[in-house]
Amino acid sequence: MPVSPAPTPGARLLTALAGAQLLVALDFSIIYVALPGIGTGLHFSAVALQWIVSAYAIFFAGFLLLGGQLADVFGAGRIYLTAQLVFAASSTGAALSTSAAVLIAARVGQGVAAALLVPATLGLLSSAYPAGPQRDRAVSVWGTTGAVGLALGVTAGGGILAVASWQWIFWLNLPIVALCLLTAGTALRSPATGTPTPVATAATLSACAAVVALVLACTELSRTRPALPVVAAALAVAVLAGGLLAVSQTRRRPLVPRPLLRVRTLQVACLAAALYMASFGAEFYLVTLYLQEVRAYTALAAGLAFLPLAGAITVGNTVAGRLAGRIPLRRLLSTAFLTGAAGLLGLALAVGLDGGYLLGLLPGLLLSGFGQGMAFTGMFITGTRDLPQASNATGSALVTTAQYIGGSLGLALLVLLHGEHPTAPDFVLTFSVTAVIATAAALSALSLLVRTGRAPAPMSRPDQTSEPRTGGRR
């Protein structure tokens, strides 16, 4: 983003929006290096530990579309403020928790707060920056902050655990919330873009229940002796909830507005986002667990091992932001995912050969980080390009919903594959699976973005609708 001689309202707003994205990403990844300590202190089993991550991710994904509708109806600024306050309250609850149940409940609260915050953030961003180079640069800054937050969260967590207890990873959220609110200032007084109408609460709960049930089934199956009745019941709930969600789409106020489902760039971005989190998002969990459980790294050493990944992600974000208006999006996304897939395959080979950090893991971390940095920015530029103004927040929320549902289900699948006590061969398998998923994302972008338009869509008024253009090379 160009440096201006004096702060402008737009620059202040972008700082607040990037800070919010940092908060959401940081809170997802900072927990990883603390998992062993939290598990011991609060008596989590090895398999149940994933629920500290999944409780946040599932409710984040499950409530995102509701958050998008609320932002469109009541105004992104109001929802942004509400979400930040809920985030602060939930973080306080997590820091003060003394049992596994209380911590998981607080993580659910953080997930719901994040689900309100992300669409409000993207709604404010899309309203403040016109489609085209200005918005591409803003999304690049926002995306860089989020992707780097995912990587730096692990490093920050290791640093905190080296000098303090795990509770401080949650206290850290409070000054970030305060900084976001102070920086945003009067920009949060944005008006509502829609009229007060009922929101799809029942559909939201159905979507969330379906994902929770699927993850529960995969978690139970990953145990040495799974309880098959529990698995069967969870799958039945998932089917029932999925059916209720499908029925809700036929009603007057569906969870996902039907016109949005016809926007090709949004469709591709959602698919890419789901595959992104199932591959690159799972990398954080796998690398952290491998370093601490197999290589016996301390929390601090594991956190520091992620610093090169964070640097590579930053470079990838910057490169994607510069290339977004110069090359077709299909080429940008496919290159990003193939580069990241090569890095994940490199990690699988390094684990299989029992290589050291510098010559074994580091090249894979750098390559996968560069690819995922490019992919993160590229998929959000793709997803927000053709959205109608009146549905900015809901459409943007759909991309992030796909991202974290993909992450929750992908993580559950990987836990199922490596079992309760993973060894090096199990990590070779799971890293290889993530490389295959990233490759599938590249092929999807190449095949599905062929007929989308080349130029960004103009900003439309709230009473207008926008249809995806066809005939270009992207």
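Visitor: Which residues form one aromatic cluster together with Tyr-276?
Guide: This is a predicted model, and the structure holds 11 aromatic pairs. Pairing requires ring centres within 6.5 Å. The cluster that contains Tyr-276 is completed by Phe-280, Phe-337, Phe-376 and Phe-380.

Visitor: Are the rings of Tyr-56 and Phe-60 stacked, edge-to-face or tilted?
Guide: Tyr-56 and Phe-60 both belong to helix H3 (residues 50-74), where they stand four residues apart, about one turn of the helix. Their ring centres are 5.9 Å apart and their planes meet at 55°. Planes under 30 degrees apart count as stacked and those over 60 as edge-to-face. The pair of Tyr-56 and Phe-60 is therefore tilted.

Visitor: Is Tyr-56 buried or exposed?
Guide: A residue counts as buried under 20% relative accessible area. Phe-60, the partner of Tyr-56 in the ring pair, has 0% relative accessibility and is buried. Tyr-56 has 0% relative accessibility, so Tyr-56 is likewise buried.

Visitor: Which helix gives the most to the largest nonpolar core?
Guide: The largest nonpolar core has 145 residues. Among those with the most contacts inside this core are Phe-28, Phe-60 and Phe-337. With 20 residues, the helix that gives the most to the core is H11 (residues 264-294).

Visitor: How many helices are there in the chain?
Guide: The chain has 474 residues, of which 58% count as buried. Among contacts with a separation of 6 or more, 84% join residues 24 or more positions apart. The chain has zero strands, and its helices number 17.

Visitor: At what angle do helices H13 and H15 pack?
Guide: Two packed helices are described by the angle between their axes and the distance between the axes. For H13 (residues 307-323) and H15 (residues 357-385), the axes are 6 Å apart. H13 passes H15 in a right-handed crossing. The angle is about 35°.

Visitor: How many nonpolar residues are in the contact of H13 with H15?
Guide: On the H13 side, the contact includes Pro-308, Leu-309 and Ile-313. On the H15 side, the contributors include Leu-362, Gly-369 and Phe-376. The contact has no charged residues and eight polar ones, while the nonpolar residues number 15.

Visitor: Is Leu-307 buried, partly exposed or exposed?
Guide: Leu-307 lies in helix H13 and touches Leu-152 and Thr-155, leaving aside residues up to four places away in sequence. The C-alpha atoms of Leu-307 and Gly-153 are separated by 9.9 Å, although these residues are 154 apart along the chain. The relative accessibility of Leu-307 is 39%, and the class between buried and exposed runs from 20% to 50%. Leu-307 is therefore partly exposed.

Visitor: Which residues does Gly-39 touch, not counting residues up to four places away in sequence?
Guide: Gly-39 is found in helix H2 (residues 35-42) and is buried, with a relative accessible area of 7%. Gly-39 and Ile-52 are 13 residues apart in sequence, and their C-alpha atoms are 9.4 Å apart in space. A contact requires heavy atoms within 4.5 Å. By this criterion, the residues touched by Gly-39 are Phe-44 and Leu-49.

Visitor: What is the phi of Ala-296?
Guide: Ala-296 is placed in the loop between H11 and helix H12 (299-305). With 60% relative accessibility, Ala-296 counts as exposed. Although Ala-296 is not a glycine, its phi is positive, at about 60°.

Terms used:
Residues are numbered from 1 along each chain as its sequence is written. This is a predicted model: local features need pLDDT of at least 70, side-chain atom pairs count only at pLDDT 80 or more; totals for chains, interfaces and linings use all residues. Side-chain values use heavy atoms; hydrogens and water are left out. Axes are lines fitted to C-alpha atoms, for helices over the stretch in contact, and angles run from 0 to 180 degrees between N-to-C directions. Helices (H or I, at least four residues) and strands (E, at least two) are DSSP runs, numbered from the N terminus. A crossing is left-handed if the near helix is turned anticlockwise from the far one by less than a right angle, and right-handed if clockwise. Ala, Val, Leu, Ile, Met, Phe, Trp, Tyr, Cys and Pro count as nonpolar, Asp, Glu, Lys and Arg as charged, and the others, Gly among them, as polar. Rings of Phe, Tyr and Trp (its six-membered ring) pair if their centres lie within 6.5 Å; planes under 30 degrees apart count as stacked, over 60 as edge-to-face and the rest as tilted. Buried means under 20% relative accessible area, exposed over 50%, partly exposed in between (1.4 Å probe, protein chains only). A nonpolar core is a set of buried Ala, Val, Leu, Ile, Met, Phe, Trp, Tyr and Cys residues joined through side-chain atoms within 4.5 Å.
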